[in-house]
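Got the structure open in your viewer? Then let's take a walk through it, one selection at a time.

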Amino acid sequence: MSTAPNLLSVVDLDKSYGGVHAVRGVSFALKAGEILALIGPNGAGKSTCFDMLNGQTTPSAGRINLLGQDTTYKKPREIWRLGVGRTFQITATFPTMTVRENIQVALASYGRRLFNFWASMPRLAQQEARDLLERVGMAGYAERPCGELAYGDLKRLELAIALANQPKLLLMDEPTAGMAPRERIELMRLTASIAREKSIGVLFTEHDMDVVFEHADRILVLNRGTLIAEGSPQDVRRNPEVRAIYLGEGLVYDARHREGQSA
Amino acid sequence: MAFYVVQFLTGLASAASLFLVASGLSIIFGVTRIVNFAHGAFYMLGAYVAFTLTERFSGAIGFWGGVVAAALIVAALGVLVEMVLLRRIYHAPELFQLLATFGLTLMVEDLVVLIWGPSDLLGRRAPGFKGAVDFFGQNVPSYDLFLIGLGPVVLGALWLIFQRTRWGVLVRAATQDRDMVAALGVNQKWLFTSVFALGVFLAAVGGALQIPRDAVHHAMDLRIIVDVFVVVVIGGLGSIIGAFVAAVLVSELNAFGILIFPKISIILLFLVMAAVLIVRPWGLFGKPEVTARRTPGLTVNPWRPLSSKGRLAAVTALLLAATLPLFAGNYALTVGSEIAIFVIFAASLHFMMSVGGLASFGHAAYFGLGAYGVAFLAKMAGLPMITCLLLGPALALAGAALFGFFAVQLSGVYFAMLTLAFAQIVWSIAFQWVEVTGGDNGILGVWPEKWAASPSHFYWLAIGVAALAVAVLRNIVFSPFGYALRATRDSPRRSDAIGIDGKLIQWTAFVIAGTFAGIAGALFAYLKGSVFPDSLGISLSVDALVMVLLGGVETVSGAVVGAIVYKALSIFLVSQTDLSKLILGGVIVLVVIALPKGIVGVLETIRQRRRPRPEPPLLASRIGTAE
Ligand SMILES: Nc1ncnc2c1ncn2[C@@H]1O[C@H](COP(=O)(O)OP(=O)(O)OP(=O)(O)O)[C@@H](O)[C@H]1O
Ligand SMILES: [Mg+2]
């Protein structure tokens, strides 16, 4: 694994919003098939990093290299085309469509068929959509209105949407927030197995340390925009600075009390 | 040289009233997030009430006292409106707020005619400012100089109020963050009411101060509101400084535009507005608006293509409609044709508004462009009717491509105001460019050829085209393009993240909607045998909005039902009463408050309640245990 080329490398990434310096000089790399966790207390700048990686905000400074291309100032759709799937901290799906149609839109976009004015979308790529839903365990929900789904199911739907462009990199911002503890472990197991199988790199943030320590190959710790630690789960667990931050925040390796907050 | 200076001073004087009204609109928007369409109506009421008071009471005290008293009276009316109407719709989507306040505007227009009569009223000159000042041989009315001084004084006074008083600090805090002020324990209701009162007061003063310069008439509301929208789009909603700078800019452009393009001075305004929007989409001093609100409780039923039963019903309805000429007279057939044309128009707006979330307040522009397109081709090029019908809408397509490009850069209220301003620009061109468009006299003699001339033939043509247009639009709704458009409306973040080029999709939808509106306009030209600037007017744009709303914004077939009901109702009303605007305005307000889901939405809800929901299959399937 260590000899594989970098899927993603980030150098000195920086972002300020007016007076708020949200991300300061963050650098790291990610290899194909690797599962990397980005952790840190609230407001550390994790979501901001994700937004820069998939082009939804432009960095104030620094470079992002994805699959050998400089994507620092590319648009979200160009980055998506390169093979990046993303899920959001606050789920973003299409509530006026059914679960299956949510996936079909993504598939149609991937197949460059959006400027088709005539075909019937509900009949397009049905099988692929079903396969994706089955992959995340939602085959039985295909015809449900997306607006009616429980929060945990929306998170799984987002994962299926993110897989529609056969991504090489998955960006998952708090993929299990708002889920029951058992569901969390299951969703991350599922993600990990998909990632290993297709050799997809995964970058995820998570407040539940059980989930992080079980699945991450490597962990990055972000505090107030700065990376303060990086290493294997064991290293990070032992790092005194990390312990201090998490103890100081009252977030000892278990963040179940945040559940209500993130929904 | 002196001539240019005088022109400049005239511009500055016009800027004063414009600034007063625009700053009022901006202050109200800053705190309540409502774009008050009725602001022009309050401006007009200010002028009318001041007219009455200054006629009744003589002397300097009578005049200046009358101006202030008029503004206070109108502000009190504003408080009433806020408490009775606006408090119910603070959390509704912008579209509903704009429509409700537009309904109010319509009602005021009729009431004003009822009270003061339809003719222009010439007010008194202002005591103390009756003469003119000689300026290198050119006369400058001294009242203009007074107005020029007044603008900065009001700006300064507002600044003092917002910086130095407790109330002003609260207003500024509320403008930054509404919830925070509520958390501080401030009585939000009265804060909103007082802000609304101040905004209306400013508008009414603006109107009252116009009486020595201009005749008071019952169309002054729409004229000012369009200028005000242009001002806040350029200056930035919510910014008082922005309102001041943009009011001066717009007034000067109007003053000098006449010199540069005497026939179509409005072009200059358009160019400047376009330039500002490209560089700063939120206006010179504005801030980006947060995402549009959606009404909680509106249905999020997934849309379905018609079932075979539904299709059968639609075809049956069409066949029934086609039998009308067998038993109805010519008048009924003409009404039927008009309704069919408006079905196309409403369906085209529905397409961009319901599917794409693009609530255009200027959709009539494309209707009218289609009509003028046909008139040009038929009268000037003398082309046959079929060719005209096919090519006429191309003018609408071109207009939609040009204006749509700028409009889709914005969203929400900015989109609404910009589309309205664009439509008004097209209207002004049709109105001012007399050599080409005939101006107010329109273009006459656009009659259908023999094969379509009889009312029954034209009726069949109209319902045929309408059925085809609705079918095509519906099909697009369920095509990949339609889903992509809905995706950009449902979640911009998600659609961005799955590679959808939102702006391009929305622009395309705008062009499609504009073209279909143009088809409706083309038929309309032949139905009426003539084209007038009215076909581009604001009231037609709003008619379309009301049709969509009445049918149900969140439904697929609402536009058709809404168009039939609304058009039939309004044709009936116009034939029965002189107060059609009053009644229509009332209907609009009622629909917004009582029937936000529209007719079809309500029917759907009833049907769903009757039918027990099917159990979702395999509810228990979980991760890991999935088959
Ligand atoms: N659009 C924005 N404008 C201004 N400041 C912002 C913006 N987005 C984020 N911030 C600020 O940047 C900092 C980092 O925010 P970010 O959302 O990236 O944190 P996070 O690590 O994802 O936190 P959480 O665990 O709560 O999701 C915060 O202080 C936040 O207030
Ligand atoms: Mg976050």
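Start by selecting strand 3 (residues 35–39) and strand 8 of chain A: the two run parallel to each other and are paired over 4 bridges. Strands pair here if DSSP finds at least two bridges between them. Helices (H or I, at least four residues) and strands (E, at least two) are DSSP runs, numbered from the N terminus. For one such bridge, click A:Leu38, whose partner in strand 8 of chain A is A:Thr205.

Before moving on, some ground rules. This is a predicted model, in which local features need pLDDT of at least 70 and side-chain atom pairs count only at pLDDT 80 or more, while totals for chains, interfaces and linings use all residues. Residues are numbered from 1 along each chain as its sequence is written, chains are lettered from A and ligands numbered from 1 in the order in which they are written, and side-chain values use heavy atoms, with hydrogens and water left out.

Now add strand 7 (residues 169–173) of chain A, which is parallel to strand 8 of chain A and joined to it by 5 bridges. Here A:Leu170 has A:Val202 as its bridge partner in strand 8 of chain A. Trace the chain from strand 7 of chain A through helix 6 (residues 181–198) of chain A to strand 8 of chain A and you follow a right-handed β-α-β crossover. Right-handed means that, with the strands pointing away from the viewer, the path from the first strand over the helix to the second runs clockwise.

How many residues of strand 8 (residues 201–205) of chain A are buried? It's 5 of the 5, so the strand is largely enclosed by the rest of the structure. Buried means under 20% relative accessible area, exposed over 50%, and partly exposed in between (1.4 Å probe, protein chains only). In a regular strand, side chains alternate between the two faces of the sheet. Color A:Gly201, A:Leu203 and A:Thr205 for one side of strand 8 of chain A, then A:Val202 and A:Phe204 for the other: both faces are covered.

Next stop, another sheet in chain A. This one is open and antiparallel, with 4 strands in the order 2-1-4-5. Its edges are strand 2 (20–31) and strand 5 (69–70) of chain A, each pairing on one side only. Zoom in on strand 1 (residues 6–17) and strand 4 (residues 61–66) of chain A, an antiparallel pair held over 5 bridges. There, A:Asp14 stands opposite A:Ala61 in strand 4 of chain A.

Show ligand 1 now. It has 13 residues around it, and the closest are A:Gly43, A:Lys46, A:Ser47, A:Thr48 and A:Gln89; to be near, a residue needs a heavy atom within 4 Å. Which distances can you check from oxygen atoms of the ligand to side-chain N or O atoms? Try A:Ser47 at 2.7 Å, A:Thr48 at 2.5 Å and A:His207 at 3.1 Å.

Staying in chain A, pick A:Arg237: its charged end sits over the ring of A:Phe213, 4.1 Å from the ring centre. A:Arg156 has its charged end over the ring of A:Tyr141, 5.9 Å from the centre. To count, NZ of Lys or CZ of Arg must be within 6 Å of the ring centre and within 35 degrees of the ring normal.

Then select A:Arg224, in the loop between strand 9 (218–223) and strand 10 (226–231) of chain A. A:Arg224 isn't a glycine, yet has a positive phi of about 45°, and with a relative accessible area of 67% A:Arg224 is exposed.

Time for aromatic rings. The whole structure holds 31 aromatic pairs over all chains. Rings of Phe, Tyr and Trp (its six-membered ring) pair if their centres lie within 6.5 Å; planes under 30 degrees apart count as stacked, over 60 as edge-to-face and the rest as tilted. Go to B:Trp282 and B:Tyr414: with centres 5.6 Å apart and planes at 80°, the pair is edge-to-face. The two lie 132 residues apart, with B:Tyr414 in helix 18 (residues 412–432) of chain B and B:Trp282 in the loop between helix 11 (266–279) and helix 12 (308–322) of chain B. B:Trp282 is partly exposed at 22% relative accessibility, whereas B:Tyr414 is buried at 1%.

For a last selection, take B:Phe63, B:Trp64, B:Phe129, B:Tyr143 and B:Phe146, which form one aromatic cluster.

How values were computed:
Polar contact = N/O pair within 3.5 Å; in protein donor to acceptor, adjacent residues only side chain to side chain.
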